[in-house]
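Below is a walk through part of a predicted model. Follow the helices in the structure as the text moves from one to the next.

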Amino acid sequence: AGLHGLLYVPIVSKNEGTDTWTYVATANAILDGSYSTPLQAGFYFVYPVGWFDITGARLPRSTWQAPERQVFRPPGYPAYLALFGKSRIFSGDHTASLIGNGVLFGLGAFLLIATVRRWWGENLALLSGALYAVDPWSKHYVALALSETLAGTIVLAGVYALTRAWERPDWRRWAAVGALAGVLALVRALFVFAAPVAVAAAAVRRGTARERLVRAA
């Protein structure tokens, strides 16, 4: 699954999306001990008109390098990019992080197999892993410097952790589920709903009222 994703890295026309620029700028800021990014890092280009701010406004060039307190991007994926050192904000070399994406996707495939095996047995687990490995759509994010691959791997890690916690509802296992739900929201804010889902799962699992309360906490 990981190697399949890496096959697309040299094939796609570019390894960046518009969102990549703010992620890279924020990663560079983290390495500088800050969380402020140049205004231009959040711009998008409309051909042949020019650059626009994310609000749709056109700002004078003199403001493009002004520092912006970055509140739009959560820090999870920029922290991942920071592991690979500084990169150019526009048209940077993302080879190392994309190889990391391949490793992450392979890990996610393994976690999928391990999860399905615990619910429905080995045959279905291997089938699900094979389908996930050959599916081309899920791989196109491996070749892009975007947060989807990291988020997907954390989702699968969270589901596996939830499966183990459901089998044996020890509070430490539920703590791992909660931690992964929190990390997921810090990678993609869209997944903020994962935390209340984890709490609900901990609360409805059979046990005494005290056990349920401890797990939910």
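Leu-127 is a residue of helix H5. Its relative accessible area is 45%, and because values between 20% and 50% fall between buried and exposed, Leu-127 counts as partly exposed.

Leu-127 also belongs to a nonpolar surface patch of about 840 Å², whose other members are Trp-119, Trp-120, Leu-124, Leu-131, Val-134, Trp-166 and Val-204. Which helix gives the largest share of this patch? Helix H5 does, with four residues. H5 spans residues 122–134, and both H5 and H4 supply at least two residues of the patch. As for spacing along a helix, an α-helix has 3.6 residues a turn, so residues three or four places apart point the same way.

Helix H4 covers residues 95–120 and includes Val-103. Is Val-103 buried or exposed? Val-103 is exposed, because its relative accessibility is 58% and the cut-off for exposed is over 50%. Val-103 and Lys-86 are 17 residues apart along the chain, and their C-alpha atoms are separated by 20 Å.

Helix H6 consists of 20 residues, 148–167. From its first C-alpha to its last, H6 reaches 29 Å, close to the 28 Å expected at 1.5 Å a residue. The buried residues of H6 include Leu-150, Ile-154, Leu-156, Ala-157, Gly-158 and Ala-161, and also Thr-149, Thr-153 and Thr-163. What do the buried residues of H6 pack against? Their partners are H4 and H5, together with helix H3 (76–82) and helix H7 (171–187). H4 and H5 thus appear twice in this account: both supply residues of the nonpolar patch, and both are packed against by buried residues of H6.

Definitions and conventions:
Residues numbered from 1 in each chain as written. Predicted model: local features only at pLDDT ≥ 70, side-chain atom pairs only at ≥ 80, totals over all residues. Heavy atoms only, no water. Buried < 20%, exposed > 50% of the residue type's maximum accessible area, 1.4 Å probe, protein only. Patch = residues over 30% accessible without salt bridge, like charges linked within 9 Å, V, L, I, M, F, W, Y side chains within 5 Å. Areas by Shrake-Rupley, 256 points an atom, 1.4 Å probe, with all protein chains shown as cover. Salt bridge = Lys/Arg side-chain N within 4 Å of Asp/Glu carboxyl O. Expected span 1.5 Å × (residues − 1). Contact = heavy atoms within 4.5 Å.
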